[in-house]
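Work through the exercises below with the structure open beside you. Try each task before you read its solution.

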Amino acid sequence: MDFTPTEDQAAARDLAARIFGDLSTHDRLSAAGTGSDAALWKALCSAGLVAAVPDVGLLGLVLLLEEQGRTTAQVPFAASCVYGLLAVAAHGSPEQRERLLPGIGDGSVVVSGALPAQGGVRADARGGLSGTAPAVPWLRDATHVLVADDRRRLWLVRTADARCEPVELTAPWSAGRLTLDGTPAERLGGDHDGAGHERVDHERVDHDRIDHDLIDNDHIDQVYADVVATARTAFAGLQAGVCAGSLARAVAHTNTREQFGRPLAARQAVQLRAADAYMDTEAIRLTAYEAAWRRDEGLPYAAQALTAAWWASEAGQRVVHTGQHLHGGAGADLEHPVHRHFLWGRQLDAYLGCGSEVLQELGELIAYGEVER
C-alpha cells in the first residue's frame, strides 16, 4: 500500500485547504446558521474541485473531505460526490453519465442519498417510489436524491417531484425529510422493464444454466454494497478532518491558556488526553486511506470500509469530546468554534452507525467468509 498523494491529489488538497481556510470562517459559519454556504459551494465548483473527483479517485476525495472537516464547512461536498459523481460514474448508464455528470461537476446538480436502505421505500410496477426517508443530509440543497428501495435497488429521484420538509440534525447539514408517494424515479444503471427489473441480453445468456433473477439480484447487491462502502469511506475521511480540526483548536488553546503561571499544555494529564486524541485521529485517517486506496486499485474493500467507519464512529466521538473538554469552560460555550466540531463529530458518529452496529456487520462479513484480500 502506498498512500502518498499523486501530484494531482496533492494539488487538489492544497487548493481545497486554501478555499476552505479563506471562506469557511467563524463569522461566515455563524451567519449561515443551520443552512449551507452557497458562495463557498460555488467557489469550490468553480475551482474544479468537484469535477476533479473522478480523476483523483476516492483517496483524493478523502483528502479533500479532510480539509472540509477541519473547518466544518457547510457544503454538500461529501454527499454530492459520493451519491452523485462517483455513484453515477461507476454504475450509471452511458446516458445517465452524459446527462448528469457535467451538472454534478459544476455544482448545478446536487445529489444527496437516502442510504443505507431501511426497508421503508418500495417501487411499484411502473418504477414509482413510495415511502419515507426521515432524515436525508443536505436534502434542502439537493436537486436529486439517490434512494435505496426495500430490495436494495438504487433509484434517482428529482427533489422537485417529491415532498421535502426541513429537518434539523445534530450538525447543520441542511437536512430534510423525504416523502415519496408514487414518485417517478429512474433506476441507476440502465434500461429496465415495466416491473423495474433489469433487462437481460438473451442472446448472450444460456437459459438452461443461468437463473436471471439471481444474476440481477447479485448485480443489485454489488452496486448497493459499493455505493455504501464508498460513502462510509468518504464520511470517515470527513470525520478525520473534523477530529484534526478539533484537536488543533485544543492544542492552540492549551498552549496559550495559563493556569497558576503555566500553560495548560504543560500538565501531564492534558498531554496524555491530547496524545490519545491524536492516535485516535490517525487511526481514523489511515483506515480511511486504506479503504479508499483499495477501491482505487480495484481491490475488495468492504471490510476496510467498515473498519474505517468503526474508527470514525467509535474514536471520532472520543476525539471531539476531548477537544471540547480541553477547552475547559470555553468548551461549554455553544458559540465557540470548537462546539461545531463536537456537533459534527457526534452527527458523523450517528450517520455512520454506532460502533457496535458497524462492528457487528464487520463480524458477520468475516464469519461468513466474505472478506477478500
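Five exercises on helices, loops and single residues follow.

This is a predicted model, in which local features need pLDDT of at least 70 and side-chain atom pairs count only at pLDDT 80 or more, while totals for chains, interfaces and linings use all residues. Residues are numbered from 1 along each chain as its sequence is written, and side-chain values use heavy atoms, with hydrogens and water left out.

**Exercise 1. The two sides of H3**

Task: Find which residues of helix H3 are buried, and where they sit around the axis.

Solution.
Step 1. Fix the terms. Helices (H or I, at least four residues) and strands (E, at least two) are DSSP runs, numbered from the N terminus. Buried means under 20% relative accessible area, exposed means over 50%, and partly exposed lies in between (1.4 Å probe, protein chains only).
Step 2. List the buried residues. In H3, residues 38-46, they are Leu 40, Trp 41, Leu 44 and Cys 45.
Step 3. Place them. They lie on the same side of H3, because they cover an arc of only 135 degrees around the axis. The arc is taken from the directions from the helix axis to the C-beta atoms.
Step 4. Turn to the other side. There, Ala 38, Lys 42 and Ser 46 are exposed.
Step 5. Name the partners. The buried residues of H3 pack against helix H1 (7-23), helix H2 (26-32), helix H5 (77-91) and helix H6 (94-106). Contact here means heavy atoms within 4.5 Å.
Step 6. Check the ends. Asp 37 caps the N-terminal end of H3, with a side-chain oxygen 3.2 Å from the backbone nitrogen of Ala 39. After H3 comes Gly 48, with a positive phi near 80 degrees.

**Exercise 2. H4 and its two partners**

Task: Decide how H4 runs relative to H5, and then how H4 runs relative to H8.

Solution.
Step 1. Know what to look for. Two packed helices are described by the angle between their axes and the distance between the axes. Axes are lines fitted to C-alpha atoms, for helices over the stretch in contact, and angles run from 0 to 180 degrees between N-to-C directions.
Step 2. Take H4 (residues 53-71) with H5. The angle is about 165 degrees and the axes are 10 Å apart.
Step 3. Classify. Angles under 35 degrees count as roughly parallel, over 145 as roughly antiparallel, 65 to 115 as roughly perpendicular and the rest as oblique. H4 and H5 are therefore roughly antiparallel.
Step 4. Look at the residues. Among those of H4 that meet H5 are Leu 61, Leu 65 and Gln 68; their counterparts in H5 include Phe 77, Cys 81 and Leu 85.
Step 5. Repeat for H8 (residues 268-296). H4 and H8 pack at about 150 degrees, with axes 7 Å apart. They are therefore roughly antiparallel too. H4 contributes residues including Gly 57, Val 62 and Arg 70, and H8 contributes residues including Ala 288, Tyr 289 and Asp 296.

**Exercise 3. Gln 68 in H4**

Task: Say whether Gln 68 is buried or exposed, and what its side chain reaches.

Solution.
Step 1. Locate Gln 68: helix H4.
Step 2. Read its accessibility. At 1%, Gln 68 counts as buried.
Step 3. Find the polar partner. A polar atom of the Gln 68 side chain lies 3.1 Å from the backbone oxygen of Val 75.
Step 4. Add the contacts. Beyond neighbours within four places in sequence, Gln 68 touches residues including Phe 20, Leu 238 and Trp 344.

**Exercise 4. Positive phi in loops**

Task: Where are Thr 72 and Ser 174?

Solution.
Step 1. Recall the background. Most residues other than glycine have a negative phi.
Step 2. Take Thr 72. Its phi is positive, near 45 degrees. Thr 72 sits in the loop between H4 and H5. It is buried, at 2% relative accessible area.
Step 3. Take Ser 174. Its phi is positive, near 50 degrees. Ser 174 sits in the loop between strand S6 (163-166) and strand S7 (176-184). It is buried, at 3%.

**Exercise 5. Ile 104**

Task: Which residues does Ile 104 contact, leaving aside neighbours within four places in sequence?

Solution.
Step 1. Locate Ile 104: helix H6.
Step 2. Read its accessibility. At 1%, Ile 104 counts as buried.
Step 3. List the contacts. They are Val 50, Ser 80, Gly 84, Leu 85, Val 109 and Val 111.

Notes:
A polar contact is a pair of N or O atoms within 3.5 Å; within protein, one must be able to donate a hydrogen and the other to accept it, and residues adjacent in sequence count only if both atoms are side-chain atoms.
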